[in-house]
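Colleague: Hello! I am new to this structure, so please take me through one part of it closely: the salt bridges and what surrounds them.

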Amino acid sequence: EREWWEGEALLATLKEAEALKVPVLLFLGKDGPKNLPWIVPVLHKVPDLTVVIDHMADADFTQSSQVELLLTLAFLDNIFIKVSHIWALSKEAYPWSDAMQLVKQLVGVFGPERLMVASDWPVCGMPSWPGGNTDYPTVIKLFKEELSFL
């Protein structure tokens, strides 16, 4: 995968999106934090491109190195984070308080204006998906009732 992240095809695509002023959503994969060191230098080359990092890069909130890699993106003003997969990252039942610490860190570093939320529907209710132990109404309830710090 590293070759793809560092390859000319990705950079050319991102530069074209930058020229057209089209935002780009980057899904870094289930190993998202491992890809961050490779993608950051590429993002420096497209400073006017709006980039959204999908699913908080699926960073494991129990691994400080992964969280730090994600938080370092805040120094790039054009980077936004999509807050989702909280239910999949958590080891606890709703309201997934253990994983909420990552969300709070993101708010503290990026600020709420550079975060967006997503329900993960329909994946959130798929038992075959890791952590697919919830449903759409519960995820919406989380955003309405448990994220007052936003």
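**A close look at the salt bridges**

Modeller: Happy to. Let me begin with the whole chain: among contacts (heavy atoms within 4.5 Å) with a separation of 6 or more, 76% are between residues 24 or more positions apart. Please keep in mind that this is a predicted model, where local features need pLDDT of at least 70, side-chain atom pairs count only at pLDDT 80 or more, and totals for chains, interfaces and linings use all residues. Residues are numbered from 1 along each chain as its sequence is written, and side-chain values use heavy atoms, with hydrogens and water left out.

The chain has 7 helices and 4 strands; these are DSSP runs numbered from the N terminus, with at least four residues (H or I) for a helix and at least two (E) for a strand. Their order along the sequence is α-α-β-α-β-α-β-α-α-β-α. The radius of gyration, taken over C-alpha atoms, is 15 Å, close to the 15 Å that the globule rule gives for 150 residues, so the chain is as compact as a globular protein of that length. That rule is 2.2 Å times the number of residues to the power 0.38. The C-alpha trace spans about 40 × 30 × 30 Å along its principal axes. Of the 150 residues, 47% count as buried; buried means under 20% relative accessible area, exposed means over 50%, and partly exposed lies in between, using a 1.4 Å probe and protein chains only.

Now to your part. Side chains of opposite charge can pair when their charged atoms come close. Here a salt bridge is a side-chain nitrogen of Lys or Arg within 4 Å of a carboxyl oxygen of Asp or Glu, and the count comes to 2.

One of them joins Glu-6 to Arg-2, with the closest N and O atoms 3.1 Å apart. Both residues belong to helix H1 (residues 2-6) and are 4 residues apart, about one turn of the helix. Glu-6 is partly exposed at 41% relative accessible area, and Arg-2 is partly exposed too, at 40%.

The other pairs Lys-82 with Asp-54, at 2.6 Å from N to O. This pair links distant parts of the chain: Lys-82 sits in strand S3 (residues 79-83), while Asp-54 is in the loop between strand S2 (51-53) and helix H4 (64-71), 28 residues away. Lys-82 counts as buried at 15% relative accessibility, and Asp-54 is buried at 7%.

What lies around Lys-82? Setting aside neighbours within four places in sequence, Lys-82 is in contact with Leu-25, Val-52, Ile-53, Asp-54, His-55, Met-56, Met-116 and Ala-118. Leu-25 is 57 residues from Lys-82 in sequence, yet their C-alpha atoms are 9.0 Å apart in space.

Two of those contacts, Ile-53 and Met-56, lead us to the largest nonpolar core. A nonpolar core is a set of buried Ala, Val, Leu, Ile, Met, Phe, Trp, Tyr and Cys residues joined through side-chain atoms within 4.5 Å. This one holds 48 residues, and Ile-53, Met-56, Leu-70 and Ile-86 touch the most other members. Helix H6 (residues 97-110) gives the most to this core, with 7 residues. Beyond four places in sequence, Met-56 touches residues including Lys-82, Leu-70, Ile-86 and Val-103.

Val-103 is a residue of helix H6 and counts as buried at 1% relative accessibility. Its contacts, leaving aside neighbours within four places, are Met-56, Val-83, Ile-86, Leu-147 and Phe-149. The C-alpha atoms of Val-103 and Ile-81 are 10.0 Å apart, with their positions 22 residues apart along the chain.

For a contrast, look at Glu-18 in helix H2 (residues 8-20). Glu-18 is buried yet has no salt bridge, and the nearest side chain of opposite charge, Lys-15, is 6.3 Å away. For such charges, Lys and Arg count as positive and Asp and Glu as negative, while His and the chain ends are not counted. Apart from residues up to four places away, Glu-18 touches Lys-45, Val-46, Pro-47, Asp-48 and Leu-49.

So you can trace a path on the model: from Asp-54 to Lys-82 through their salt bridge, from Lys-82 to Met-56 by contact, and from Met-56 on to Val-103.
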